[in-house]
2 protein chains.
Amino acid sequence: MNTKVYRLIAVLGLMSNIDVALAEEPIQPIAPVKEINLAQVELGKKLYFDPRLSKSGFISCNSCHNLSMGGTDNLKTSIGDHWQRGPINAPTVLNSSLNVAQFWDGRADSLKAQAGGPIANPGEMGFTHQLAVDVLASIPQYRIEFNQVFGTDTITIDHVTTAIAEFEKTLVTPNSRFDQWLLGNQDALTSKELSGYQLFKSSGCIACHNGEGVGGNSFQVMGIVEPYQAKSPAEGLIAVTGKDADRFRFKVPTLRNVEMTYPYFHDGEAETLTEAVDVMGRLQLGKKFTDQENAQIVAFLKTLTGDQPKFQLPILPPSTENTLQPRPFE
Amino acid sequence: MNTKVYRLIAVLGLMSNIDVALAEEPIQPIAPVKEINLAQVELGKKLYFDPRLSKSGFISCNSCHNLSMGGTDNLKTSIGDHWQRGPINAPTVLNSSLNVAQFWDGRADSLKAQAGGPIANPGEMGFTHQLAVDVLASIPQYRIEFNQVFGTDTITIDHVTTAIAEFEKTLVTPNSRFDQWLLGNQDALTSKELSGYQLFKSSGCIACHNGEGVGGNSFQVMGIVEPYQAKSPAEGLIAVTGKDADRFRFKVPTLRNVEMTYPYFHDGEAETLTEAVDVMGRLQLGKKFTDQENAQIVAFLKTLTGDQPKFQLPILPPSTENTLQPRPFE
């Protein structure tokens with residue numbers, strides 16, 4: 001056989017190895033975005049960064065879901081209008097399109113449904129949907145762009161959240177070292193990281209943290225083996241279903257980019273991955289990891305950091321004489 | 001003569017027209033950035049967007065000098081740590097390298113001297129230089145980058161402000177329609193805008209708003225002909241010099257991108273350009289502009305919006321177990 005044929009066989013061999021590996025592993029690589037409404041994305045990106053969707057003119061989506069910082073604010077609980085202390089840890093917006101539902105209690109069944117929440121939450125952006133829409137409608141450049149994207153002169157909150165959600169769909173993070181390994185690059189992980197992954201599977205972490213998002217696809221009780229001493233009043237899914245069985249049942253967070261999304265848990269009480277792994281092991285699995293085991297799992301978790309979304313900081317169209325003024329100190 | 005020679009003569013004619021125009025006009029086009037330390041710029045860009053330089057972990061340079069919004073927060077006065085109400089309007093960071101000094105009272109003689117101010121101001125970012133440096137030094141990716149940029153293992157506030165200032169030097173906005181006109185494109189302005197510019201010169205606005213920055217190069221008393229009824233306690237240059245003659249003497253703000261940097265004046269009390277032009281005419285020049293004159297000047301001012309800085313949103317290196325936690329609610 002000549003060299004070309006050898007190469008072909010080698011490639012086929014690699015491909016089938018990948019297929020086997022993917023089929024066997026309970027975590028799947030993040031797929032890059034393939035179908036998207038680019039016009040909505042570009043509009044949604046502006047809206048995501050626009051603090052005029054808040055009463056104060058100071059808080060944007062990006063304030064608490066900061067795309068420079070893993071799509072979070074890296075605070076235990078977020079800061080809202082008038083510096084109010086939020087009740088819960090801001091989940092990352094990265095890969096949120098992979099979640100079964102949005103918010104820790106899953107009360108929004110889509111990115112679009114989620115996007116309207118903080119705008120009108122008195123403890124977050126403190127505005128109303130109507131006033132937010134009025135602000136946008138007073139800005140000619142926005143009116144033109146909404147018209148181009150949605151084909152209507154009348155801006156609605158539905159348009160606003162549709163565009164923001166479309167932008168958020170682009171915020172996936174493929175190409176992590178772990179995904180490179182899943183896709184056949186055996187050199188992508190160190191032996192310590194691989195040991196961590198084996199332990200992550202054999203200990204049972206994988207039961208909840210699996211799939212493309214390594215979590216985000218189910219609700220589970222926080223404190224299965226041992227109760228969790230929560231400092232937060234949040235009670236999880238019961239707020240949505242009203243069922244007692246759903247008390248302290250929260251959406252399992254994605255572990256994608258978990259190195260960047262500290263602090264951890266719905267109350268943000270675990271400051272480090274070491275602490276989070278230790279608490280999860282004990283409370284959810286009845287397992288006390290040794291220091292070495294913990295370090296291996298943490299090493300594995302850090303391989304889940306993918307390519308962060310890359311885009312130009314959007315430039316926002318200026319307000320006009322007709323734009324409602326922000327009211328930060330009222 | 002052949003076509004080529006005709007073309008050459010036409011080009012030479014155009015060039016000499018430009019030279020004459022530039023020599024005669026009291027405003028010069030903004031020069032694009034030519035000499036810069038790119039390594040410092042890239043580090044400084046991260047620092048500019050890093051809220052970990054504040055006590056709360058929530059406020060970055062970009063919070064009040066938002067590069068999506070003309071380098072300002074578009075608020076009368078800014079929001080500081082714990083939602084404190086700032087005493088003065090945040091000046092734009094755009095083209096601030098052209099200013100004779102920084103802050104409204106000119107108390108910083110360089111961008112570098114300015115950059116350290118808000119970090120340690122209890123009413124702004126509420127941190128200390130030492131703690132800010134400690135945070136950065138706890139983050140390996142920052143340590144490596146500072147080492148590459150400054151050649152030392154020891155991060156200092158001097159390095160931090162040097163890098164931020166170098167980034168800020170890139171935030172110039174060339175290529176406004178007015179600059180295109182200055183550079184010889186006679187179609188760049190409408191007749192209304194040109195009338196506004198003529199009026200801007202003949203009425204005396206140009207006496208203070210001139211040069212590359214259309215302002216920013218001198219200090220002037222606010223309220224020369226008529227006293228200004230300020231709502232802000234700020235007294236201007238007197239805070240720096242101690243001289244009575246400098247009471248209410250403020251740095252003349254740049255009018256570059258003024259369409260985006262509302263509201264206006266050191267106390268942010270003028271919400272619109274129309275109002276600002278009216279007040280300036282009366283108080284500084286003893287002149288009441290007609291509605292038509294005002295509209296012409298406003299039309300001219302809107303031609304000063306240049307190319308906004310274009311760059312990718314920086315991705316910040318994550319904190320570690322050794323990083324001081326932010327303290328937003330203490």
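This report looks at how two chains pair up, then at one residue and one helix in chain B. The model is predicted.

**How the two chains are related**

Two copies of a chain are related by a rotation about an axis and a shift along it. Here, a turn of 180 degrees and a shift of 0.0 Å along the axis lay chain A on chain B, with an RMSD of 0.0 Å. That is the relation of a two-fold axis. Which C-alpha of chain A is nearest the axis? That of Gln312(A), 2.1 Å from it.

**Where they meet**

In the interface, 35 residues of chain A are in contact with 35 residues of chain B. The table sorts the chain A side by class.

| Class, side of chain A that touches chain B | Residues |
|---|---|
| Nonpolar | 18 residues |
| Polar | 11 residues |
| Charged | 6 residues |

Of the interface residues of chain A, 100% are also interface residues in chain B, so the copies meet through the same surface.

**A histidine in a loop**

Now turn to His65(B). This residue sits in the loop between helix H3 (61-64) and strand E1 (79-80) of chain B. Is His65(B) buried or exposed? His65(B) has 23 C-beta neighbours inside 10 Å, and therefore counts as buried; the cut-off is 20 or more. Leaving aside residues up to four places away in sequence, His65(B) touches Gly71(B), Thr72(B), Ala90(B) and Val93(B). Take Val93(B), which is 28 residues from His65(B) along the chain. The C-alpha atoms of the two are separated by 6.1 Å.

**A helix with two sides**

Helix H9 of chain B covers residues 191-202. Does its length agree or disagree with the expected span? At 1.5 Å a residue, its 12 residues should span 16 Å. The expected span counts one less than the number of residues. The end C-alpha atoms of H9(B) are 16 Å apart, which agrees.

Which residues of H9(B) are buried? They are Glu193(B), Gly196(B), Tyr197(B), Leu199(B) and Phe200(B). These residues cover an arc of only 165 degrees around the axis, so they are on the same side of H9(B). The spacing along a helix helps here. An α-helix has 3.6 residues a turn, so residues three or four places apart point the same way.

What do the buried residues of H9(B) pack against? Their partner is helix H12 (291-301) of chain B. The face turned away from the buried side of H9(B) carries the exposed residues Ser191(B) and Ser202(B). Just after H9(B) comes Gly204(B), with a positive phi of about 110 degrees.

Definitions and conventions
Residues numbered from 1 in each chain as written. Chains lettered and ligands numbered in written order. Predicted model: local features only at pLDDT ≥ 70, side-chain atom pairs only at ≥ 80, totals over all residues. Least-squares fit on C-alpha atoms with pLDDT ≥ 70 in both. Contact = placed C-beta atoms within 7 Å. Nonpolar A, V, L, I, M, F, W, Y, C, P; charged D, E, K, R; others polar. Helix = DSSP H or I, 4+ residues; strand = E, 2+ residues; numbered from the N terminus. Buried ≥ 20, exposed ≤ 12 C-beta atoms within 10 Å, placed from the backbone. Arc of directions from axis to C-beta.
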